[in-house]
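Grab a pencil and work through the exercises below with the model open in your viewer. Try each task before you read its solution.

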Amino acid sequence: MNETIREHSWIPLILVACASFIITLDSTFMNVSISQVVADLNTNVNTIQMTMAFYTLITAAFMLLSTKLQDIVGKKRLFLIGAVLYGIGTFIAAISQSDTMLFIGWAVIEGLAGALMTPATVSIISGTYSGERRTFALAIESVMAALSAAVGPLFGGIMTTFLSWRYGFASELLIVIIILAMRNKIPDFEPTESKRDLDITGAIISFIGLILFVLGILMLSEDATTSIVVIILGVIALAVFALFEIKRKRKGKVPLLDMDLFKDKNLRVGSTIILLSYIVMGGGLFVVSLFMQTVLNLNAFNTGLTTLPLTVGLLIFAAIAPSLTEKLNHKSLMAIGSIIAIIGCVILSYQFKINTTMLNLMPGMFILGSGIGFIMALSTDIALINIPDENQNNASGITTTGQTLGESMGTAIIGVILILGVMGGIANGVDTYAPEYSGNEQVHQDIFDYFEKVGNVDEIKSENSTVINIADTVIQDSMAFVMLVTAALMAIVFVLTFRLKDKKIKK
C-alpha cells in the first residue's frame, strides 16, 4: 500500500501541508484578536503577547532535538505524536478560562508539538516523492507555511469580528482530527538509530543557544541593549554546540546535528535564502498590518483584505513555479522571483502616506507576494538537492529551523527598522516644516512620544497644518525606509541564488 501511496497519491502531501499551515497560522491569526482575548480572560496585553512569543520560542528551541528524534522514533511516528499533542494543546487553548490555561495549551503544548511536526513534514515529503513530484510537493509544503502567515490576519479578523478567537483554535483541532483519521495514508519510515544514539548534552546546549538567540530577537524592539547581549550569548552557546558536535562525531559517536552537512553549499545558501525570505514575509506583513490598523484605523477584517493580494500572488506563482523548472532551472526562477519582490518593495515604498487607501497598497502587495512565491516554492527543494537519503532528516531540520527563525526574526527586526525610520522621518519633517526646531532633541523626543500616543490618522488631521505635514513626512519616510530595507534583503537573496548549484534541465 505504501508503494502505491509513494507513486500515485498526493494525500501524504495534503496531510503534512495542512500541518504546516496550522503551525504557522497559530503564530499569526491571534495578532488581531488580542483585545478580545484580554477581555474574555480578564488579563492584559503584555501577558497575551508573552504567550505568543513563547509559542515561537518553544517551537524554535526544540527544533534540532526533534530533527534527531526522527531517526530514533521514526519520522511518521514523531509527526503523529506531534499531531496528538497539537490537538490536546489547541483544545485546551480553545476552552481556556484563564491566561495560565491559554499559556499551557498554546505556548507550551502546541509549541512543543509544532517543533515535533515541522521537520518531519519536510522529511516525509522527501522520503515519499522523487524528481519533479518532489519539487512540486516541497513547493506546496513551503507555500502552505507562508500562505498561513499571509492569511492569518484575515482569518483572525473573521474569527474576531464574526465569531470568537476560540473558533480559530477549534478549526485547527478539526484539521488535526482529519490528519489523525487519515494517518494510514502516510507511508511508514523505519527508525535508523536507537535511543542510545541520542546526544543529550548536545540537545541541552542547542536548546539553551536557540532559547537565548530567539529570546534576544523577540526583545529587540523593547530593550535593544539587553537583547543584543542575549543574542550574543545565544550565538556563543550555538558555537559551543557546533564544536561539541564536531568532536562527538570524531569520537565515533552519533551527533545531534552532523556539522559536515554544512559543507554542502546548496544547504548553506538555500537555508539562508529561506531565512531571509521569511524575515521579509513576516516583517513586511507586520509593518503593513500595523500601518493599516494604527494609521488608517482599519478593523481586523479590512486589514486582512488588504493583505489578500499578497496571498493570491504568493499562491499563483508558487503553484506555477515547479512546472517552469522544466524550462528554467531553480536558481534562475528564484533570481527572477527576487527581482519581482524587489519591484514590489519599491512600489510599496511610495504608497504609504497620510491619505493612503487600501487600493493604493494592493498592487505592490500582489507583486511582492508573487516574487516571494517563486522563492519559497523552490528554496527547500534546491537546499536538499544534494543531500543523500540517510541525511535528509538532519538536513530538513536545518531548513525548517531557518524558516522558524525567519518567522521569529521578521517582526522584531522590521519593528526596530520602523523605529529608526520614524526617528529619521521626524528629523526630516522638523527640518522641512519647523526648521526653527532643527537639532532640538527634546522637540524630536516630544514628537516621537506624541506619535506613540496618537491612535490613528484621523486624530492627527484635527491638528494644525504643521503637525499634519510633519506626520505625513514621518509616515512616508519611515514606511519607505522599511520597504527599502526589505528590498535590500531581497537583493541579498538575488545575489545568493547565483551561488547555488542547480539541476540540469532535461532537454
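Here come the ground rules, followed by the exercises.

This is a predicted model, in which local features need pLDDT of at least 70 and side-chain atom pairs count only at pLDDT 80 or more, while totals for chains, interfaces and linings use all residues. Residues are numbered from 1 along each chain as its sequence is written, and side-chain values use heavy atoms, with hydrogens and water left out.

**Exercise 1: the overall fold**

Task: Find how many helices and strands the protein chain has, and what percentage of its residues count as buried.

Solution:
- Start with the secondary structure, using DSSP runs numbered from the N terminus (helices are H or I, at least four residues; strands are E, at least two). The protein chain has 19 helices and zero strands.
- Next, check burial (buried means under 20% relative accessible area, exposed over 50%, partly exposed in between, with a 1.4 Å probe and protein chains only). Of the 507 residues, 56% count as buried.
- Finish with contacts (heavy atoms within 4.5 Å). Take those between residues at least 6 apart in sequence: 83% of them join residues at least 24 apart.

**Exercise 2: two helices**

Task: Work out which residues of α5 are buried, and how far α14 reaches from its first C-alpha to its last.

Solution:
- Look at α5, residues 63-73: nine of its eleven residues are buried, so this helix is largely enclosed by the rest of the structure. The buried ones are M63, L64, S66, T67, K68, L69, Q70, D71 and I72.
- Step just past the end of α5, and you meet G74 with a positive phi of about 105 degrees.
- Now go to α14, residues 330-349. Its 20 residues reach 28 Å, close to the 28 Å expected at 1.5 Å a residue (the expected span is 1.5 Å times one less than the number of residues).
- Among the buried residues of α14 are H330, L333, G337, A341 and C345.
- H330 also leads you to T135: their C-alpha atoms are 9.8 Å apart, though 195 residues separate them in sequence. T135 is found in helix α8 and is buried, with a relative accessible area of 2%.

**Exercise 3: an aromatic pair**

Task: Classify the pair formed by F317 and F366.

Solution:
- Recall the rule: rings of Phe, Tyr and Trp (its six-membered ring) pair if their centres lie within 6.5 Å; planes under 30 degrees apart are stacked, over 60 edge-to-face and the rest tilted. By this rule the count comes to six aromatic pairs.
- Apply the rule to F317 and F366: the centres are 6.5 Å apart and the planes at 75 degrees, so the pair is edge-to-face.
- Place the partners: F317 sits in α13 (residues 300-324) and F366 in α15 (residues 358-383), so the pair ties together parts that are 49 residues apart in sequence.
- Check exposure too: F366 is partly exposed, at 30% relative accessible area.
- As an extra, find the cluster that ring pairs make from Y55, W106 and F169.

**Exercise 4: enclosed space**

Task: Find how many cavities of 30 Å³ or more the structure holds, and which residues lie nearest the centre of the largest cavity.

Solution:
- Define the search: on a 1 Å grid over the protein atoms alone, a cavity is a set of points where a 1.4 Å probe fits but cannot get out, and lining residues have an atom within 4 Å of a point. Grid points are joined across faces, edges and corners, and a volume is the space filled by probe spheres set on the points.
- Count: there are two cavities of 30 Å³ or more.
- Take the largest cavity, with about 150 Å³ of space. Its lining has 14 residues, and I23, T24, T59, T404 and E407 lie nearest the centre.
- Move to the second largest cavity, at about 80 Å³. It is lined by 13 residues, with S142, I274, Y278, T380 and Q403 closest to its centre.
- Ask who contributes: α15 gives the most to this second lining, with four residues.

Methods:
On a 1 Å grid over the protein atoms alone, a cavity is a set of points where a 1.4 Å probe fits but cannot get out, and a pocket is an open set with protein on both sides within 12 Å along at least five of seven lines; lining residues have an atom within 4 Å of a point.
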